[in-house]
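This report describes a protein chain with its ligands. The account turns to confidence and fold, then to the ligand shells, the core and selected residues.

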Amino acid sequence: MQEPKSASKLEYVRGGAIHACATSTLMKTGAWRVFKPVVEAEKCKQCKLCYWYCPDFCIQMTEEAIKIDYDYCKGCGICAAECPTHAIVMEREED
Ligand code: SF4
Ligand code: SF4
């Protein structure tokens with residue numbers, strides 16, 4: 001088997017080993033999403049549960065309400081499931 005010439009961050013190497021760390025910002029995982037979380041700000045009590053539960057760390061707390069970074073949100077729905085006031089609803093992405 002031929003060895004890869006280099007191990008650049010976006011090049012696959014033998015065994016799938018990762019040679020360039022901290023590349024997650026390059027992977028805009030929001031493109032995979034089928035459903036997206038939408039915040040109804042008037043229902044948000046700023047409890048931060050969604051912030052702590054989001055596995056992708058893409059919820060930011062602002063002065064008024066929460067803000068979701070759709071570049072990285074995968075639409076898993078965990079934030080909506082954990083919100084005690086049902087302030088987050090999952091809506092289907094448009095094609
Ligand atoms: S879990 Fe719900 S109420 Fe709590 S901060 Fe998030 S959106 Fe607001
Ligand atoms: S849907 Fe999932 S990835 Fe997106 S903000 Fe909610 S918990 Fe995070």
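## Confidence and fold

Among the elements of the protein chain, strand S2 carries the lowest mean pLDDT, 93, and helix H2 (residues 78–82) the highest, 98. The model is a predicted one. Over the protein chain the pLDDT averages 84, and 76% of the residues score at least 70. Where pLDDT is low, the predicted coordinates should not be read in detail.

The protein chain contains two helices and four strands. Read from the N terminus, these elements follow the order β-α-β-β-α-β. Buried residues account for 13% of the 95 residues in the protein chain. Of the contacts between residues at least 6 apart in sequence, 63% join residues at least 24 apart.

## Ligand shells

Which residues are the closest to each ligand? Around ligand 1 there are 13 residues, and the closest are Cys 44, Cys 47, Leu 49, Cys 50 and Cys 83. By class, this shell around ligand 1 comprises nine nonpolar, two polar and two charged residues. Ligand 2 is likewise surrounded by 13 residues, the closest being Cys 54, Cys 73, Cys 76, Ile 78 and Cys 79. The shell around ligand 2 divides into nine nonpolar, two polar and two charged residues.

## The nonpolar core

In soluble globular proteins, nonpolar side chains tend to be buried together. The largest nonpolar core here has 10 residues: Cys 50, Cys 54, Ile 59, Ile 66, Ile 68, Cys 73, Cys 79, Cys 83, Ala 87 and Ile 88. Among these core members, Cys 50 and Cys 83 also belong to the closest residues of ligand 1. Cys 54, Cys 73 and Cys 79, also in the core, are listed with the closest residues of ligand 2.

Leaving aside residues up to four places away in sequence, Cys 54 touches Ile 59, Ile 78 and Cys 79. Ile 59 itself is placed in strand S2. Ile 59 is buried because 21 other C-beta atoms lie within 10 Å, the threshold for burial being 20 or more. With residues up to four places away in sequence again excluded, Ile 59 touches Cys 50, Tyr 51, Cys 54, Ile 66, Ile 68 and Cys 79.

Another core member, Ala 87, lies in the loop between H2 and strand S4 (88–92). Is Ala 87 buried or exposed? With 22 other C-beta atoms within 10 Å, Ala 87 is buried. Its contacts, not counting residues up to four places away in sequence, are Val 39, Glu 40, Lys 43 and Cys 44. Of these contacts of Ala 87, Cys 44 is one of the closest residues to ligand 1.

## Exposed positions and backbone

Most residues other than glycine have a negative phi, and most peptide bonds are trans. Lys 48, although not a glycine, has a positive phi of about 75°. This residue, Lys 48, lies in the loop between strand S1 (35–39) and helix H1 (49–53). Lys 48 counts as exposed because it has 11 C-beta neighbours inside 10 Å, and the limit for exposure is 12 or fewer.

Phe 57 also has a positive phi, of about 55°, without being a glycine. The loop between H1 and S2 holds Phe 57. With 11 C-beta neighbours inside 10 Å, Phe 57 counts as exposed.

Thr 62 is located in the loop between strand S2 (59–61) and strand S3 (66–68). Thr 62 counts as exposed, with 9 C-beta neighbours inside 10 Å. Glu 93 occupies the segment after S4. Having 11 C-beta neighbours inside 10 Å, Glu 93 counts as exposed. Not counting residues up to four places away in sequence, Glu 93 touches Arg 33, Val 34, Phe 35 and Lys 36.

## C-alpha separations

The table pairs residues with their spacing along the chain and the C-alpha separation.

| Residue pair | Spacing along the chain | C-alpha separation |
|---|---|---|
| Ile 59 and Asp 69 | 10 residues | 6.3 Å |
| Thr 62 and Gln 46 | 16 residues | 9.1 Å |
| Ala 87 and Val 39 | 48 residues | 5.7 Å |
| Glu 93 and Pro 37 | 56 residues | 9.7 Å |

Key: Residues are numbered from 1 along each chain as its sequence is written. Chains are lettered from A and ligands numbered from 1 in the order in which they are written. This is a predicted model: local features need pLDDT of at least 70, side-chain atom pairs count only at pLDDT 80 or more; totals for chains, interfaces and linings use all residues. A residue is near a molecule or strand if its C-beta atom, placed from the backbone, lies within 6 Å of it. Ala, Val, Leu, Ile, Met, Phe, Trp, Tyr, Cys and Pro count as nonpolar, Asp, Glu, Lys and Arg as charged, and the others, Gly among them, as polar. A nonpolar core is a set of buried Ala, Val, Leu, Ile, Met, Phe, Trp, Tyr and Cys residues joined through C-beta atoms within 7 Å. Two residues are in contact if their C-beta atoms, placed from the backbone, lie within 7 Å. pLDDT is the predictor's confidence in each residue, from 0 to 100.
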